[in-house]
Amino acid sequence: MDTNERLRRLIAARGWSEYRLSKESGLSESTIGNLLRRNTVPSIATLKAVCDACGVTLSEFFAEYPQVT
């Protein structure tokens, strides 16, 4: 699964709109839109902001399988 697909699933799992993700992450709506519609590859800083907003770490985001706690 690619980064953009993971982003879409992360957002969908929370039931968030692009607007909500923008507000939670502090990123602009245009940045979120570019990530989701234009399939641009996010910078690490952008990806970290999205992960922080969603309550996951970068390592959890990139993990092949869910972390067992």
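In this predicted model, serine 25 makes a good starting point, as its contacts reach well along the chain. Leaving aside residues up to four places away in sequence, serine 25 touches Ile32, Ala49, Val50 and Ala53. Serine 25 itself belongs to helix 2, which spans residues 18-25. With a relative accessibility of 14%, below the 20% limit, serine 25 counts as buried. A polar atom of the serine 25 side chain also lies 3.3 Å from the backbone nitrogen of leucine 27.

A second serine of helix 2 can be viewed alongside it. Serine 22 sits in helix 2 and is buried, its relative accessible area being 5%. Two backbone atoms are within reach of the serine 22 side chain. The backbone oxygen of leucine 27 is 2.6 Å from one of its polar atoms, and the backbone nitrogen of glutamate 29 is reached at 3.5 Å. Leucine 27 thus appears again, with its backbone nitrogen facing a side-chain polar atom of serine 25 at 3.3 Å and its backbone oxygen facing one of serine 22 at 2.6 Å. When residues up to four places away in sequence are not counted, serine 22 touches Leu27, Ser28, Glu29 and Ile32. Ile32 is also among the residues touched by serine 25.

These contacts lead on to the packing of helix 2 against helix 3. Helix 3 covers residues 29-37, and its axis lies 9 Å from that of helix 2, at an angle of about 125 degrees. That angle makes helix 2 oblique to helix 3. The crossing of the two helices is right-handed. On the helix 2 side, the contact is formed by Glu18, Tyr19, Leu21, Ser22 and Ser25, which meet Glu29, Ile32, Gly33, Leu36 and Arg37 of helix 3. Sorted by class, the residues of this contact comprise four nonpolar, three polar and three charged.

Glycine 33, one of the helix 3 residues in this contact, deserves a closer look. Glycine 33 is buried, with a relative accessible area of 3%. Not counting residues up to four places away in sequence, its contacts are Glu18 and Arg38. Glu18 is also listed among the helix 2 residues that meet helix 3. Looking back along the chain, leucine 10 is 23 residues from glycine 33, and their C-alpha atoms are separated by 15 Å.

Helix 2 packs against helix 4 as well. Here the angle is about 95 degrees and the axes are 8 Å apart, which makes helix 2 roughly perpendicular to helix 4. Leu21, Glu24 and Ser25 of helix 2 meet Ala49, Val50, Ala53 and Cys54 of helix 4. The residues of this contact divide into five nonpolar, one polar and one charged. Leu21 and Ser25 are therefore found in both packings, since they are listed where helix 2 meets helix 3 and where helix 2 meets helix 4.

Lysine 48 completes the picture on the helix 4 side. Lysine 48 is located in helix 4, which runs over residues 44-54. Its relative accessible area is 41%, so lysine 48 is partly exposed, whereas serine 25, at 14%, is buried. Although lysine 48 and serine 25 are 23 residues apart along the chain, their C-alpha atoms are separated by 9.0 Å.

How values were computed:
Residues numbered from 1 in each chain as written. Predicted model: local features only at pLDDT ≥ 70, side-chain atom pairs only at ≥ 80, totals over all residues. Heavy atoms only, no water. Axes fitted to C-alpha atoms, helices over the stretch in contact; angles between N-to-C directions. Helix = DSSP H or I, 4+ residues; strand = E, 2+ residues; numbered from the N terminus. Parallel < 35°, antiparallel > 145°, perpendicular 65-115°, else oblique. Left-handed = near helix turned anticlockwise from the far one by under 90°. Contact = heavy atoms within 4.5 Å. Nonpolar A, V, L, I, M, F, W, Y, C, P; charged D, E, K, R; others polar. Buried < 20%, exposed > 50% of the residue type's maximum accessible area, 1.4 Å probe, protein only. Polar contact = N/O pair within 3.5 Å; in protein donor to acceptor, adjacent residues only side chain to side chain.
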